Amino acid sequence: MAGIAILLDLYQKKPSFCSPQSFHSSGLFSASAAAASAAATVAAGTPFASRFLFGYPKVSHCDAGAVLPEHYISNTQRSSEDFFKNDALKYSVKEYKIELKPLFSAFELRPFALTTLRSFLLFYLPLLEPSLNIEEDDEDFPQDSTEERHVDLVVPLKKSVKQIIRETTVVTTRRILERLAVIYVSQRMAWKLLKDVPKSAVRKSQRGMPATVYFFRVSRTTFRGHLLGVTAAWIVQTGIEIYRCFSRITNSDESDEANVTVRAKLLGKKISGITIRCGASLIFASIGAGICATLFRPSVGQWIGCAAGDLAGPIIVSVCLEKVFHVDL
């Protein structure tokens, strides 16, 4: 308030002091005058009793109209642009390219032919073993060679057809699960679930990891990549057992509650066995892939270890449960 009073007093004594010409021509109202008025204001606001403690305020002058050179501004802009450009290259966003296979890829020529060949060999090769044993016995007992031996070829054919339908259904179910994962799961997790595991094992081998770290990384990648396949197999096998249970209940003559309870308990036991076998298949496939990829070539070793663990896992777990806990899966 004291500063404003000083300005009003000056205006009354000299009215031309605050004219527009005086601001530009005379230089009286400069930055120094403004600073002095501000100091007077602060001094007036300070009580007289406290001035001996705080003293009078000091005012520093500054040039508010300082101008930076143009080359300084341009260099600053250029350096900031280079910094953000390098930072963007260093911390670029990773792109997850997801390639979905056709929905009915199981019915293509090559996969369907391999599935058919494997199914027929699975059920027709055991028929050769009894004939070989009988021929060895005929050398010791030639009188038994006149007996007629009939081999039933219809039953293995039916089993082979059922196996082909089961495997194609599992593959198609997996393709459906892949599409559901892309829709309902994050892009990063879907990319990990649908990753090409042998190629990923090759890329990991080129990073110079220690053997233990490489084994852990390949096993973890195989676990994720094999998860949808095992889940599809569990869904199909569980669906088959549920269908068999309901068909037996509806076709049986005994429709009492005791029969239904027994069937339900048997269904629960079979589903538990399917779950244990599928879990063992997933775990042993991951471990086998990590071991074989570490000891042999990454791509081929991963594939062989995954296939071997997938087959051996359920067998090992079933034998251990039968021997230790006397549980038949």
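# A guided tour of an all-helical chain

Begin by selecting Thr-238, which is located in helix H11. The model on display is a predicted one. With a relative accessible area of 7%, Thr-238 falls under the 20% limit and is therefore buried. Which residues does Thr-238 contact, once its neighbours within four places in sequence are set aside? They are Ile-271 and Ile-274.

**The whole chain**

Next, display the entire protein chain as a cartoon. Its secondary structure consists of 13 helices and 0 strands, so that a reading along the sequence gives the pattern α-α-α-α-α-α-α-α-α-α-α-α-α. The protein chain has 329 residues, and 24% of them count as buried. Now switch on the surface. About 23,800 Å² of the protein chain is exposed, with 65% of that area supplied by carbon and sulfur atoms. Among contacts in the protein chain with a separation of 6 or more, 74% are made by residues 24 or more positions apart.

**The largest nonpolar core**

Hide the surface and select Val-170, Leu-177, Ala-181, Leu-193, Leu-194, Leu-228, Ala-232, Ala-233 and Val-236. These 9 residues form the largest nonpolar core. Two elements, H8 and H11, give two or more residues to this core. How many residues come from H11, the source of the largest share? The contribution of H11 is 4 residues.

**Helix H10 and its buried side**

Proceed to helix H10, which spans residues 197–205. Select Val-197, Ser-200, Ala-201 and Lys-204, the buried residues of this helix. Because these residues cover an arc of only 105° around the axis, they lie on the same side of H10. Show H11 and helix H13 (298–325) as well: the buried residues of H10 pack against both.

**A nonpolar patch on the surface**

Restore the surface and select Phe-215, Phe-216, Phe-223, Leu-227, Ile-283, Ile-287, Ile-291, Leu-295 and Phe-296. Together they make a nonpolar surface patch of about 830 Å². At least two residues of the patch are supplied by each of H11 and helix H12 (257–295).

Two members of the patch merit a separate selection. Phe-223 is in helix H11, and its relative accessibility of 36% means that it counts as partly exposed. Phe-215 is also placed in helix H11; at 31% relative accessibility, Phe-215 counts as partly exposed.

Keep Phe-215 selected and add Ile-291. The two residues are 76 apart along the chain, yet their C-alpha atoms are separated by 6.4 Å. Apart from its neighbours within four places in sequence, Phe-215 is in contact with Ile-287, Gly-290, Ile-291 and Thr-294.

**Salt bridges**

The last part of the tour concerns charged side chains. Side chains of opposite charge can pair when their charged atoms come close. How many salt bridges does a search of the whole structure find? The search finds 6.

Select Arg-118 and Glu-167, which form one salt bridge with their closest N and O atoms 2.7 Å apart. This pair links distant parts of the chain, 49 residues apart: Arg-118 belongs to helix H6 (residues 109–124) and Glu-167 to helix H8 (residues 154–184). Is each partner buried or partly exposed? Arg-118, at 45% relative accessibility, counts as partly exposed, whereas Glu-167, at 17%, counts as buried.

Follow helix H8 to Glu-178 and Arg-175. Their closest N and O atoms are 3.1 Å apart in a salt bridge. Both residues lie in helix H8, with their positions 3 residues apart, or about one turn of the helix. Glu-178 and Arg-175 are both buried.

Finally, return to helix H11, which covers residues 211–251, and select Arg-244 and Glu-241. The salt bridge between them has its closest N and O atoms 3.6 Å apart. Arg-244 and Glu-241 are 3 residues apart in H11, about one turn of the helix. Arg-244 counts as partly exposed, at 36% relative accessibility, while Glu-241 counts as buried, at 14%. To close, add Arg-174 to the earlier selection of Arg-175 and Glu-178: salt bridges that share partners join these three residues into one network.

Definitions and conventions. Residues numbered from 1 in each chain as written. Predicted model: local features only at pLDDT ≥ 70, side-chain atom pairs only at ≥ 80, totals over all residues. Heavy atoms only, no water. Salt bridge = Lys/Arg side-chain N within 4 Å of Asp/Glu carboxyl O. Buried < 20%, exposed > 50% of the residue type's maximum accessible area, 1.4 Å probe, protein only. Patch = residues over 30% accessible without salt bridge, like charges linked within 9 Å, V, L, I, M, F, W, Y side chains within 5 Å. Areas by Shrake-Rupley, 256 points an atom, 1.4 Å probe, with all protein chains shown as cover. Arc of directions from axis to C-beta. Contact = heavy atoms within 4.5 Å. Core = buried A, V, L, I, M, F, W, Y, C linked by side-chain atoms within 4.5 Å.
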